[in-house]
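Biologist: I am new to reading structures, and I would like to know how the labels are earned. Could we go through some together?

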Amino acid sequence: MDYLLAAFLGLVEGVTEFLPVSSTGHLILLVDLLGFKGPEGKVFEVAIQMGAIFAVMWVYRARIVELLRKSWRAGPGQRFTVA
């Protein structure tokens with residue numbers, strides 16, 4: 001049952017991550033509603049959030065690398081990262 005719950009929560013996190021709604025809010029509400037509380041629930045929330053962050057970074061890796069390269073030179077990229 002825990003694997004099914006984890007898969008369901010991961011699916012909700014993944015679907016809502018790229019929508020203009022709060023993926024973290026949905027995850028917290030579902031964890032509370034489904035009774036996945038305690039230290040295990042909190043660790044799972046952190047782990048799934050880290051997975052979402054890494055997934056977004058992977059999808060936008062080319063843009064992130066380009067932005068980091070441009071941040072060392074004077075111009076719009078540097079103004080964006082310094083401001």
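Modeller: Happily; what follows is a short talk about a predicted model.

Biologist: What makes up the fold of the chain, helices or strands?

Modeller: The chain has 5 helices and 0 strands, so a helix pattern of α-α-α-α-α appears when you read along the sequence.

Biologist: Why is phenylalanine 44 called buried?

Modeller: Its relative accessibility is 18%. Buried means under 20%, so phenylalanine 44 counts as buried. This residue lies in helix α3, which covers residues 38–59. Of the 83 residues of the chain, 23% count as buried.

Biologist: Which residues does phenylalanine 44 contact, leaving aside its neighbours within four places in sequence?

Modeller: They are Ala6, Leu9 and Phe36. A contact requires heavy atoms within 4.5 Å, and phenylalanine 44 meets that with each of these residues.

Biologist: Why is valine 46 called exposed?

Modeller: Valine 46 is also found in helix α3. Its relative accessible area is 52%. Exposed means over 50%, so valine 46 is exposed.

Biologist: What makes valine 46 eligible for a nonpolar surface patch?

Modeller: Patch residues need over 30% relative accessible area, and valine 46 has 52%. Val46 belongs to a patch of about 1100 Å², with Phe18, Met50 and Trp58 among the other members.

Biologist: Which helix gives the largest share of the nonpolar patch?

Modeller: Helix α3 does, with 7 residues. Both α3 and α4 (61–70) supply at least two residues each.

Conventions: Residues are numbered from 1 along each chain as its sequence is written. This is a predicted model: local features need pLDDT of at least 70, side-chain atom pairs count only at pLDDT 80 or more; totals for chains, interfaces and linings use all residues. Side-chain values use heavy atoms; hydrogens and water are left out. Helices (H or I, at least four residues) and strands (E, at least two) are DSSP runs, numbered from the N terminus. Buried means under 20% relative accessible area, exposed over 50%, partly exposed in between (1.4 Å probe, protein chains only). Patches are made of residues with over 30% relative accessible area and no salt bridge: like charges are joined within 9 Å, nonpolar side chains (Val, Leu, Ile, Met, Phe, Trp, Tyr) within 5 Å. Accessible areas come from the Shrake-Rupley method with a 1.4 Å probe; for residues, only the protein chains shown count as cover. A salt bridge is a side-chain nitrogen of Lys or Arg within 4 Å of a carboxyl oxygen of Asp or Glu.
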